Amino acid sequence: MLKSAIRKLYKAKREQLTESEWLKFDDLLLINFQQIDLPPLRFIHTYLPSEAKKEVETTNIVRYLQFVNPGLQVAVPKTDLENNQMISCLMDDDTEMVLNAIQIPEPVECRPVPDSEFDLILIPLLAFDKQGYRVGYGKGMYDRFLTRCRPDVIKVGLSFFEPVEEITDRNIFDVPLDICVTPQKVYEF
């Protein structure tokens, strides 16, 4: 299936989710995420979900990771939408957030974190395939970011839906996931 067709199909599937389905899927995702055998983590990067896009909620997953990894540091993206780039910013309880132009929360001020610091990255996606490749929103920001991270960083996708068979128009710049968590299952690649 082509990325453009997948984007269209999975955006529509998300839009059709009722609020109760969305909340149920988030709970099931958290339960499945807790089944992953992860090494001790010092630093993670997570996206902050857009409610308008009905993205998978990451807050409870981050809280769980902080509980099992005391002292865990968390960073979130701040985007440069003109250049399709992002930088990672340290986030804590005092971080002031604002919605950017595409309705994604991001820090007002950024305390940058080097990309090489991350042990695990939670990656947004619209869909993924059985080989671990993902379809995002088409800007390539996360693929560029992932190439700057350590080779051993754990790349985790979160999806409300099961994988498509194959993304047929992958390119050499697409970075595959290591794990994708759905409400039904944990996929490891």
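This report describes a predicted model, moving from its sheet to its largest pocket and then to a few single residues.

## The sheet and the helix beside it

The model contains an open sheet of seven strands, arranged in the order S3-S2-S1-S6-S9-S10-S11, and the pairing within this sheet is mixed. The two edge strands are S3, which covers residues 85–91, and S11, which covers residues 186–188, and each of them pairs on one side only. From one strand to the next, the twist averages 25 degrees.

Two pairs of strands show what mixed pairing looks like in practice. Strands S2 and S3 run antiparallel and are joined by seven bridges, and within this pair Val-74 stands opposite Met-91 of S3. Strand S9 (residues 154–158) and strand S10 (residues 179–181), by contrast, run parallel and are joined by three bridges, with Val-156 standing opposite Ile-179 in S10. Helix H2, made of residues 19–33, packs on the sheet, where it touches S6 (120–123), S9, S10 and S11, and its direction makes about 140 degrees with that of S10. When looking along any of these strands, it helps to remember that in a regular strand the side chains alternate between the two faces of the sheet.

## Two residues with a positive phi

Most residues other than glycine have a negative phi. Against that background, two residues of this model can be picked out. S2 and S3 form a hairpin with four residues between them, and in its turn Asn-84 has a positive phi of about 50 degrees. Gln-103, which is not a glycine either, has a positive phi of about 65 degrees, and its place is in the loop between strand S4 (97–99) and S5. Asn-84 is partly exposed, with a relative accessible area of 21%, and Gln-103 is partly exposed as well, with a value of 39%.

## The largest pocket

Rolling a probe the size of a water molecule over the atoms shows where empty space is left. In this model the largest pocket has a volume of about 640 Å³. Its lining is made up of 33 residues, of which Tyr-137, Lys-139, Gly-140, Met-141 and Tyr-142 lie nearest the centre. Several elements give two or more residues to this lining, namely helix H1 (3–16), strand S2 (73–80), strand S5 (105–107), strand S8 (134–135) and helix H4. The largest share, five residues, comes from H4.

## Three buried residues

Which residues of the model are worth following into its interior? The table lists three that are buried, with the place of each in the chain.

| Residue | Place | Relative accessible area |
|---|---|---|
| Asp-143 | helix H4 (residues 141–147) | 13% |
| Leu-158 | strand S9 | 1% |
| Asp-115 | loop between S5 and S6 | 15% |

Asp-143 belongs to helix H4, and it counts as buried because its relative accessible area of 13% is under 20%. Leaving aside neighbours within four places in sequence, Asp-143 is in contact with Arg-134, Phe-173, Asp-174 and Val-175. With Val-175 there is a particular approach, in which the side chain of Asp-143 reaches the backbone nitrogen of Val-175 at 3.1 Å.

Leu-158 lies in strand S9 and is buried, with a relative accessible area of 1%. Not counting residues up to four places away in sequence, Leu-158 touches a list of residues that includes Phe-33, Tyr-47, Val-56, Leu-122, Cys-180 and Val-181. Leu-158 and Gln-35 are 123 residues apart in sequence, and their C-alpha atoms are 14 Å apart in space.

Asp-115 is also buried, with a relative accessible area of 15%, although its place is in a loop, the one between S5 and S6. Beyond residues up to four places away in sequence, Asp-115 touches Ser-88, Phe-145, Arg-148, Cys-149 and Arg-150. With Arg-148 there is a polar contact between the two side chains, at 2.7 Å. The C-alpha atoms of Asp-115 and Leu-146 are separated by 8.3 Å, while these two residues stand 31 residues apart along the chain.

Methods
Residues numbered from 1 in each chain as written. Predicted model: local features only at pLDDT ≥ 70, side-chain atom pairs only at ≥ 80, totals over all residues. Heavy atoms only, no water. Buried < 20%, exposed > 50% of the residue type's maximum accessible area, 1.4 Å probe, protein only. Polar contact = N/O pair within 3.5 Å; in protein donor to acceptor, adjacent residues only side chain to side chain. Contact = heavy atoms within 4.5 Å. Pairing = 2+ DSSP bridges. Axes fitted to C-alpha atoms, helices over the stretch in contact; angles between N-to-C directions. 1 Å grid on protein atoms, 1.4 Å probe; cavity = no way out; pocket = protein on both sides within 12 Å on 5 of 7 lines; lining within 4 Å. Points joined across faces, edges and corners; volume = space filled by probe spheres on them.
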